[in-house]
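Subject: Structure handover

Hello,

I am passing a structure on to you, with some notes on what I found in it. Please open it next to this email and follow along.

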Amino acid sequence: MYNFMNQELKRKIKELNQNFDKVHYVEKRKRSLETLYKILIYNSKKYKERINALQDQYTKNNQRKTKIPFDELVACTIAAKCIKNGVFGTSHQILKKYNKKVVIALSKNGKIGEVSNLKGTNNIVGKCAEVKAANSILSKDKTATINEIEFTNAIRPRTQEHLKRCNNCVAIFGNE
Amino acid sequence: MSKINCVNYDLDLFFGIGPIMFHTATAGGYVAEELFSNSVNRETRAKLKDKNNDLIFEYKINPYLDEILSLKYESQGIKFGTFDRESYLNDFIEYVKRGVFSFDRTFISDPFNQKYHLVAYPLIDEKYQKFIDKFFEYKFQIDNPYELFNTANDFIHRELNKPIDLFLF
C-alpha cells in the first residue's frame, strides 16, 4: 500500500515538473518575451501551490512513517522564444535524450550528466533550464538554431528571484 | 536521489540545535545525501503545516535581511529594484509562524556555495514549551521563554547580520 502511494506521489510530482517543459505556439497571439516572462512568473507560482498541495494531500493520508521519494520544488525555471514558438524549461532532471544540435553545443562543456569542465562553474552539463528550453524549441522547429533563441530571466519558483546565468549556459547561449 | 540530483531542487531541510528548530531552503545547492534523504524532513514539514497545528507565533524578519539581499544581488550583477519582497518572504514566514528559525541559501547561482542567511524568526513566548513537547523527541524544559528569546535575539544581532557558513555536504 505504501509502496503504491510512494510511486503514485512520485509519478504525479514528476508529471507536474515535466508539464512545465512545454512548447507554446506564440505567433498568432504575437507574444513577446516580456509576456512570456509574466506567464513564467504566474506558472511558477501555480506550480509551487500544486506541488505543496500534492505533498500535503499524500502526507495527511499517510499517518505512518514512509520513505517518500524526494521529487520536490524545482530550483530554476525559464521561458524562451524562437520565431513562432515559446517554451518553458526547468532544472528538473537530466533528459534521457537531447536534440542533436543541443548535444553538439553541450559537448563544449563536458559530458552530459557530469560536472562541467569549464572554470567558474560546478553545474551539471545538461541539467540547466536554458538547455531544456532550447531542447524543446529545437525539437519542435527543425529549422531553428541556438543563436535565434531568446530567453527571459531565469527564476527560482519558491521566491520568484532572478537567477544569474551560469558559465555553462553563457558558453552556449551567450551572456544574459 | 543522488548528490548530483539534489542540485535540481529547492529542498526544505529541518534540524534542531538544543531547543531551537531550524529550517533551511537549499535553492539548488549541494546537500549531503544522508541529510536530504532523511524522511524526517518531509514529516516535520507536514507536521508543521498541518491545519490542526494551532501553535502560531508572532515573528520578526531578520533586521539585516535587506542588506544581505542587496549584497547578494550586487555580487551577481542583478538590480535589487527588481526584487519582490513579498514573494521572497512567503514560504519562510509560513515556517517561522509555526516556531521555526528559517534560513535561505544566499548565493543561489552557485550550487557549491554554502553561505546561508537567516530570513525570519519566531518571537518565543509561553507557547514555546508546547512547541518543544510537540516537535522534539528530547523534552527540553524551558523555565523562562523570554530569556530564551532574548538570548536568541542577541545571537541574531551579533552573528546573523550576514550570511553564515552552513556546511550541508
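Which residue takes a positive phi in the hairpin of S1(B) and S2(B)? The residue is B:Gly18, and its phi is near 60 degrees. This hairpin has two residues between the strands. Before going further, please note that the model is predicted.

Strands in chain B

The two strands of the hairpin are S1, residues 12–17 of chain B, and S2, residues 20–25 of chain B. They pair in the antiparallel sense, over six bridges. One position to look at is B:Leu13, which stands opposite B:Thr24 in S2(B).

S2(B) also has a partner in S4(B), which covers residues 101–105. Here the strands run parallel and are joined by four bridges. If you look for B:His23, you will find that its bridge partner in S4(B) is B:Ser102.

Is S2(B) enclosed or open to the outside? Six of its six residues are buried, so the strand is largely enclosed by the rest of the structure. Its side chains go two ways: B:Ile20, B:Phe22 and B:Thr24 point one way, while B:Met21, B:His23 and B:Ala25 point the other way. Both sets are buried.

Two cysteines in chain A

How many disulfides are there over all chains? The count is zero. A:Cys128 is in no disulfide, and the nearest cysteine sulfur to it belongs to A:Cys169, 3.7 Å away. A disulfide is a covalent bond between the sulfur atoms of two cysteines. The cut-off used for such a pair is 2.5 Å, so the 3.7 Å between the sulfur of A:Cys169 and that of A:Cys128 is too far for a bond. Both residues are buried: A:Cys128 has a relative accessible area of 6%, and A:Cys169 has one of 1%.

A loop residue in chain A

A:Val125 is in the loop between helix H3 (100–106) and helix H4 (129–140) of chain A. Is this loop residue, A:Val125, buried or exposed? A:Val125 is buried, with a relative accessible area of 1%. Leaving aside neighbours within four places in sequence, its contacts include A:Ile94, A:Leu106, A:Ile112, A:Val115 and A:Asn168. A:Glu114 is also in contact with A:Val125. These two residues are 11 apart along the chain, and their C-alpha atoms are separated by 5.8 Å.

Regards

Conventions. Residues numbered from 1 in each chain as written. Chains lettered and ligands numbered in written order. Predicted model: local features only at pLDDT ≥ 70, side-chain atom pairs only at ≥ 80, totals over all residues. Heavy atoms only, no water. Buried < 20%, exposed > 50% of the residue type's maximum accessible area, 1.4 Å probe, protein only. Contact = heavy atoms within 4.5 Å. Pairing = 2+ DSSP bridges.
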